[in-house]
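Morning, everyone. I've got a few minutes to walk you through a model, so let's pull it up on the screen.

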Amino acid sequence: MYWTYESVFDRVIYMAQAPDLAATTGLQPPTWADIQRASQVVRRHLPVTPLISHPTLGAGSCSQLFVKHENVQPTGAFKVRGGLNLVAGLDEPTRARGIIGYSTGNHAQSLAYAAADAGVRCVIVMPAGANPVKAHAVRMLGAELIEHGANFDEARAHAEFISERDGLRLVSAANEPAILAGVATAYVELVEQQPDLDAVVVPVGGGSGAAAACLVASALAPHLEVFAVQSEAARAAHDSWTSGTCVERPNATRVEGLATGAGFALTQRVMRERLGGFLLVTDDDITLAQRALLFDAHTLSEGAGAAALAAVYAHPNTFAGKRVAVVCTGANASESEIRRVVS
């Protein structure tokens with residue numbers, strides 16, 4: 001059974017917002033109307049991505065396992081949805097000044113892609129020595145790339161400084177309602193493609209994907225459990241969720257898409273209200289899942305893109321007997337990462 005966008009949207013009149021989010025952060029999660037508008041924006045630019053059950057991949061303890069292939073997006077990652085939606089909603093003065101983002105790579109490409117399409121100036125700050133595949137893509141998309149700092153958090157601080165100095169609109173990877181609304185369109189597609197799923201597993205760096213999945217599940221599929229997964233070598237989002245407040249933690253993972261050192265207020269609040277569980281895996285678990293995707297599903301994934309599958313394999317009791325979707329969020333693996341996977 002497949003639902004059209006129209007029939008799904010007709011089922012939902014109102015999406016409740018977190019009651020005191022504005023008081024704590026000044027931000028509110030996107031409403032259902034916001035996600036509807038984002039779906040219209042995204043459909044103008046991107047096709048629906050495949051949801052495939054790969055017979056040779058193995059389902060672990062699941063009764064059936066599906067892969068949502070966001071790795072086939074034009075930027076190689078799901079974040080392009082959020083970038084397109086955010087840039088589409090900019091007012092004219094902001095468009096004239098331009099935007100600045102900070103990222104280990106996929107959020108950067110998302111903003112660069114969307115800004116190029118809209119003719120908006122885009123500046124990106126990435127950590128020094130960032131993934132050369134992602135850095136090259138940012139430049140090819142026409143953005144101005146600045147490499148600064150040893151990690152994501154130092155790049156963020158530098159982007160904040162430039163934003164204040166030059167008047168550019170700072171775009172967070174997670175604390176952005178328009179980004180969440182854009183990313184949520186992937187989960188609207190997912191529910192349409194397989195409405196009888198029991199669970200979906202989403203990797204977390206800043207948390208936009210998992211938070212978006214929570215919003216859509218609340219609106220369209222109350223039975224659907226949403227699980228987040230993060231590397232235990234960079235567990236700030238996990239620990240923020242379990243403690244109930246945003247915390248900082250050491251960031252030692254080699255999986256760049258998960259390499260954040262602090263929780264983000266907006267995504268944490270959404271996840272706290274709806275997430276079914278938050279799982280940790282090792283970096284080596286993730287590499288093994290990348291290898292399985294490559295050889296058994298003919299799918300190149302970066303580390304973050306394989307983290308959801310790693311969680312299914314590493315936590316079999318959590319998913320026993322369930323129909324589960326894992327989101328392959330990106331394919332932008334560096335050459336050294338690919339060598340590690342195939343060795």
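I'll go through the sheets, then a pair of helices, then the cavities.

One thing before we start: what you're looking at is a predicted model.

Okay, sheets. Let's take the six-stranded one to begin with. Its strands form an open sheet in the order 1-2-10-7-8-9, and the pairing is mixed. If you want to find the edges, look for strand 1, at 51-52, and strand 9, at 277-281; each of those pairs on one side only.

Now go inside that sheet, to strand 7 and strand 8. Strand 7 covers residues 199-203 and strand 8 covers residues 225-231, and the two pair in the parallel sense over five bridges. Which residue of strand 8 is the bridge partner of alanine 199? That's glutamate 225. And there's a helix lying across both of these strands: helix 10, residues 208-220, which runs at about 175 degrees to strand 8. Remember helix 10, as I'll come back to it.

On to the other sheet. Here we have four strands, again an open sheet, in the order 5-4-3-6, and this time the pairing is parallel. Strand 5 (144-147) and strand 6 (169-171) have a single partner strand each, so they stand at the edges, with one side of each left without a neighbour in the sheet. On average, neighbouring strands here are turned by 20 degrees against each other, if you ignore direction.

In that sheet, have a look at strand 3, residues 99-102, and strand 4, residues 122-126. They run parallel, and four bridges join them. If you'd like a landmark, glycine 101 stands opposite isoleucine 124 of strand 4. And as a general reminder, strands in a sheet pair through backbone hydrogen bonds, parallel or antiparallel.

Right, helices. Please find helix 13, residues 283-296, and helix 14, residues 303-314. They pack at an angle of about 100 degrees, and their axes are 7 Å apart. That angle makes helix 13 roughly perpendicular to helix 14. Who makes the contact? On the helix 13 side we have, among others, Ile286, Ala289 and Leu293, and on the helix 14 side the residues include Gly303, Ala306, Leu309 and Tyr313. Sorted by class, the residues of this contact are 10 nonpolar, three polar and one charged.

Last topic: empty space inside. How many cavities of 30 Å³ or more does a search of the whole structure find? Two.

The largest cavity has a volume of about 290 Å³. It is lined by 24 residues, and the ones closest to its centre are Phe78, Lys79, Gly205, Gly206 and Gly257. Here's helix 10 again: helix 10 and helix 6 (106-118) each supply at least two residues of that lining. By class, the lining of the largest cavity has 12 polar, nine nonpolar and three charged residues.

The second largest cavity has a volume of about 50 Å³. Its lining includes Gln290, Leu294, Thr299, Glu337 and Val341. Helix 13 turns up again here, as helix 13 and helix 16 (335-342) each supply at least two of the lining residues. Helix 16 gives the most, with three residues. And by class, this lining divides into five nonpolar, three polar and one charged.

That's my tour. Shall we spin the model round and take questions?

Terms used. Residues are numbered from 1 along each chain as its sequence is written. This is a predicted model: local features need pLDDT of at least 70, side-chain atom pairs count only at pLDDT 80 or more; totals for chains, interfaces and linings use all residues. Side-chain values use heavy atoms; hydrogens and water are left out. Two strands pair if DSSP finds at least two bridges between them. Contact means heavy atoms within 4.5 Å. Axes are lines fitted to C-alpha atoms, for helices over the stretch in contact, and angles run from 0 to 180 degrees between N-to-C directions. Angles under 35 degrees count as roughly parallel, over 145 as roughly antiparallel, 65 to 115 as roughly perpendicular and the rest as oblique. Ala, Val, Leu, Ile, Met, Phe, Trp, Tyr, Cys and Pro count as nonpolar, Asp, Glu, Lys and Arg as charged, and the others, Gly among them, as polar. On a 1 Å grid over the protein atoms alone, a cavity is a set of points where a 1.4 Å probe fits but cannot get out, and a pocket is an open set with protein on both sides within 12 Å along at least five of seven lines; lining residues have an atom within 4 Å of a point. Grid points are joined across faces, edges and corners, and a volume is the space filled by probe spheres set on the points.
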